Amino acid sequence: MTSVANVKRTSGKNMGNVKRENRSLLLTQLFFKGRKSRTALAHELRLTPASITMTINSMIEEGIVVDTDQYELNNRMGRRQQFIDIDYARIHVVGVTITSQQVRICINDLRFHCIYEDLFTLDDTVADTYAQIICDKIAFGLYSVGLSKDGIVGIGVSIRGNVDTEKGVSEDSFGLLPKHTQIRQDIQQRIGLPVSVDNHIRSLMVCEALYSRIYMENSLFIKYGPGISSAVTINGQLYSGGHSMAGEIGHMVLDRNGALCRCGKRGCLETLSSFRAMKARLMQHTIQTLTDLIALLEAQDPETIRVVSHSIHHLLLAISNMAVLFDPKDIILYGELFESARFLEIFHRQLADETPELMPLLHISAHNNLLDTYMAGALAIHAFLESGGSLVPGTKLTTQNP
Ligand SMILES: [Zn+2]
């Protein structure tokens, strides 16, 4: 499991682990809480002055953190002391989001400022050439904005479907790439930078935590529209399960005699509440996109309201079942539909009527519909914080020539 938005202190047995954990704690603290003095960092991380000095000095040398020109007065000693911060001006990540429509490359800093974006499609020769095409596009992007690989701490790749995060393998992307594609290996060996891979929903959840600087301890994250998917954290750890399929809310069976789902089962939530299900249920209207559906809702079309209400009913039922299983502290909802005032009206009314127990837990993402650009890069930021800024074994981030 990988940790979201926090890194737990464990008692490492060898010096390498302790060093990595200290670096990880320090980076995480700076990222979530902002710049700090050496004294404050030593206190918060429970490290000796010698140990914090050693850790910070090596990270300054590697170009990961900097002494900022901000100072604070140390009251006890009566001395001014300098703040330490992540070197935001220097460090960037690359995000690669692969969807059925396109591949999006985004280069951004650790404050999620996008400095380069490219959209392109992968052609039919994808199996043999996808990694080379992506790496060429990344190289071109870096060249365009005048960045060298030295300033990139990682590449995140987000792809739909079943992803083995530990191995960096896309087990099944439902036709985007061949089954069992070794994305991490394919890209890492071509470009020589650390690569993190996960599916869209877990990428979004990581992005929500990092973008909002919030700690998701025991949370559910649900994306609604066009499909329905969810991700889970347990004790601050992103939980992907025994087969990387944990939290697949879209394939929770709600009606054993229901319609056949693309997964092979009958009556899954997807067959009842997804955009495709709503589209099929509309008799008086032909729609193509969620935007069309929202337009009908906003026009208060009675049939659309009935169909959407039917979908919300089953969605709430599924969320309620998940809440019983996982006992989350909060449930975050994400998706285009939550941008519609009419949809929200119906949703909140049904929430109060049908599942009032969920009311204190449910809230809509503070950055709803805005994170898709950054979700792949968030995987790289997360890996950077977790690893304490260490890169591919044998390489070192340095401001000097290697
Ligand atoms: Zn299904």
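This is a chat about strand 5 of a predicted model and its neighbours.

Student: What should I know before I start?
Tutor: Residues are numbered from 1 along each chain as its sequence is written. The model is predicted, so local features need pLDDT of at least 70, side-chain atom pairs count only at pLDDT 80 or more, and totals for chains, interfaces and linings use all residues.

Student: Is strand 5 mostly covered or exposed?
Tutor: Strand 5, residues 92-98, is mostly covered, with seven of its seven residues buried. Strands here are DSSP runs of E of at least two residues, numbered from the N terminus, and buried means that 20 or more other C-beta atoms, placed from the backbone, lie within 10 Å of the residue's own.

Student: Which residues point which way?
Tutor: His92, Val94, Val96 and Ile98 point one way, while Val93, Gly95 and Thr97 point the other way. In a regular strand the side chains alternate between the two faces of the sheet.

Student: Which strands does it pair with?
Tutor: Strand 5 runs antiparallel to strand 6, residues 103-109, with seven bridges joining them, and it pairs in the parallel sense with strand 8, residues 152-159, over seven bridges. Two strands pair if DSSP finds at least two bridges between them.

Student: And what are the bridge partners of Ile98 and Val94?
Tutor: Isoleucine 98 has valine 103 in strand 6 as its partner, and valine 94 has isoleucine 155 in strand 8.

Student: New topic: where does pLDDT stay under 50?
Tutor: pLDDT, the predictor's confidence in each residue from 0 to 100, stays under 50 over residues 5-13 and over residues 392-402. Where pLDDT is low, the predicted coordinates should not be read in detail.

How values were computed
Buried ≥ 20, exposed ≤ 12 C-beta atoms within 10 Å, placed from the backbone. Helix = DSSP H or I, 4+ residues; strand = E, 2+ residues; numbered from the N terminus. Contact = placed C-beta atoms within 7 Å.
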